[in-house]
Amino acid sequence: MLAAAMALVAVAVVPPGPVTVEVVSVGGTGCPLGTTNVAMSEDNEAFTVTYSDFLVQARGSEAKKSCTIELKLNHAAGYAYGIAATDYRGFANLTDGARGVERNSYHFPGFPTRHSMHTYQGPMSDNWQVTDKPDSVAHGPCKDKKPLTIEAELKVTGKGAATSFMTMDSTDSSVSTTFRLQWKKC
């Protein structure tokens with residue numbers, strides 16, 4: 001019972017003071033310059049990545065786009081964070097027989113990479129949303145604040161003469177991908 005209570009306390013730890021997120025680099029066909037925004041939540045328990053032009057479309061062929069973002073979280077010394085869950089969402093318009101795939105990964109240099117993939121089959125014309133929860137949270141290093149690399153990819157395999165497409169955005173041209181954090185005291 002005491003171990004369970006201590007585990008809950010460890011999960012609830014958030015570093016004192018503000019936590020800021022710094023974008024080190026952004027690149028890829030899914031996130032042209034100026035189309036990606038990253039923001040930290042007020043409670044320091046999540047950050048969001050907002051894409052305004054992450055769209056892939058195909059007609060009778062396969063097409064894909066990707067985005068790689070490298071981030072550095074600035075926070076009080078003596079704490080480390082890991083990704084407890086990630087929410088991805090967008091829209092898919094897939095014709096009969098078409099297929100859309102959303103892939104993502106994230107990692108700290110020298111640490112294991114977390115991968116996930118979700119497939120959608122046509123016909124489909126609807127919003128999509130997935131939550132990725134790893135079996136265990138891999139925290140970044142305590143002493144050396146290494147950058148977190150996030151990679152996202154959308155792929156559409158179209159069928160026939162009609163165009164199929166998939167976005168990681170919405171009608172308002174911005175949908176966030178939320179990374180929920182788990183902090184630990186080092």
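Biologist: Rings of Phe, Tyr and Trp, the last taken by its six-membered ring, form a pair if their centres lie within 6.5 Å. How many aromatic pairs does a search of the whole structure find?

Modeller: The model is a predicted one. A pair of aromatic rings is described by the distance of the centres and the angle of the planes. With the centre distance held within 6.5 Å, a search of the whole structure gives a number of aromatic pairs equal to 9.

Biologist: Tyr106 and Phe179 form an aromatic pair; is it stacked, tilted or edge-to-face?

Modeller: The ring centres of Tyr106 and Phe179 are 6.1 Å apart, and the planes meet at 85°. Planes over 60 degrees apart fall in the third class, so the geometry of Tyr106 and Phe179 is edge-to-face.

Biologist: How many residues apart in sequence are the parts that the pair of Tyr106 and Phe179 ties together?

Modeller: Tyr106 belongs to strand 7 (residues 99-107). Phe179 belongs to strand 12 (residues 175-185), so the pair ties together parts whose separation in sequence, in residues, is 73.

Biologist: Are Tyr106 and Phe179 buried or exposed?

Modeller: The relative accessibility of Tyr106 is 6%, and that of Phe179 is 0%. The cut-off for burial is under 20%. Tyr106 therefore counts as buried, and Phe179 likewise counts as buried.

Biologist: Which residues do ring pairs link into a cluster?

Modeller: Tyr106 and Phe179 pair with each other. Ring pairs also bring further residues into the cluster, whose members are Phe47, Tyr88, Tyr106 and Phe179.

Biologist: Phe108 and Phe111 form an aromatic pair. Which one is partly exposed?

Modeller: The pair is edge-to-face, with 6.1 Å from centre to centre and 70° between the planes. Phe108 has a relative accessible area of 5% and is buried. A relative accessible area of 31% belongs to the partly exposed residue, Phe111.

Biologist: Which element gives the most to the lining of the largest cavity?

Modeller: The structure holds 1 cavity of 30 Å³ or more, and the space in the largest cavity is about 80 Å³. Its lining includes Tyr79, Ala80, Tyr81 and Phe108. Strand 5 (62-74) and strand 6 (79-94) are the elements giving two or more residues to this lining. The greatest contribution, 3 residues, comes from strand 6.

Biologist: How many residues of the lining of the largest cavity are charged?

Modeller: Lys72, Lys145 and Lys146 are among the lining residues, and Lys is counted as charged. The lining divides into 6 nonpolar residues and 2 polar ones, while the charged residues number 3.

Biologist: Asp87 forms a salt bridge with Arg180; how far apart are the closest N and O atoms?

Modeller: The structure holds 4 salt bridges, for which the N and O atoms must lie within 4 Å. Asp87 lies in strand 6 and Arg180 in strand 12, so this bridge ties together parts 93 residues apart in sequence. Asp87 is buried at 11% relative accessibility, whereas Arg180 is partly exposed at 31%. The closest N and O atoms of Asp87 and Arg180 are separated by 2.6 Å.

Biologist: With which residue does Arg103 form a salt bridge?

Modeller: Arg103, in strand 7, is joined to a residue of strand 10 (residues 148-157), so the pair ties together parts 50 residues apart in sequence. Arg103 is partly exposed, at 34% relative accessible area, and its partner is buried, at 17%. The closest N and O atoms are 3.8 Å apart, and the partner is Glu153.

Notes
Residues are numbered from 1 along each chain as its sequence is written. This is a predicted model: local features need pLDDT of at least 70, side-chain atom pairs count only at pLDDT 80 or more; totals for chains, interfaces and linings use all residues. Side-chain values use heavy atoms; hydrogens and water are left out. On a 1 Å grid over the protein atoms alone, a cavity is a set of points where a 1.4 Å probe fits but cannot get out, and a pocket is an open set with protein on both sides within 12 Å along at least five of seven lines; lining residues have an atom within 4 Å of a point. Grid points are joined across faces, edges and corners, and a volume is the space filled by probe spheres set on the points. Helices (H or I, at least four residues) and strands (E, at least two) are DSSP runs, numbered from the N terminus. Rings of Phe, Tyr and Trp (its six-membered ring) pair if their centres lie within 6.5 Å; planes under 30 degrees apart count as stacked, over 60 as edge-to-face and the rest as tilted. Buried means under 20% relative accessible area, exposed over 50%, partly exposed in between (1.4 Å probe, protein chains only). A salt bridge is a side-chain nitrogen of Lys or Arg within 4 Å of a carboxyl oxygen of Asp or Glu.
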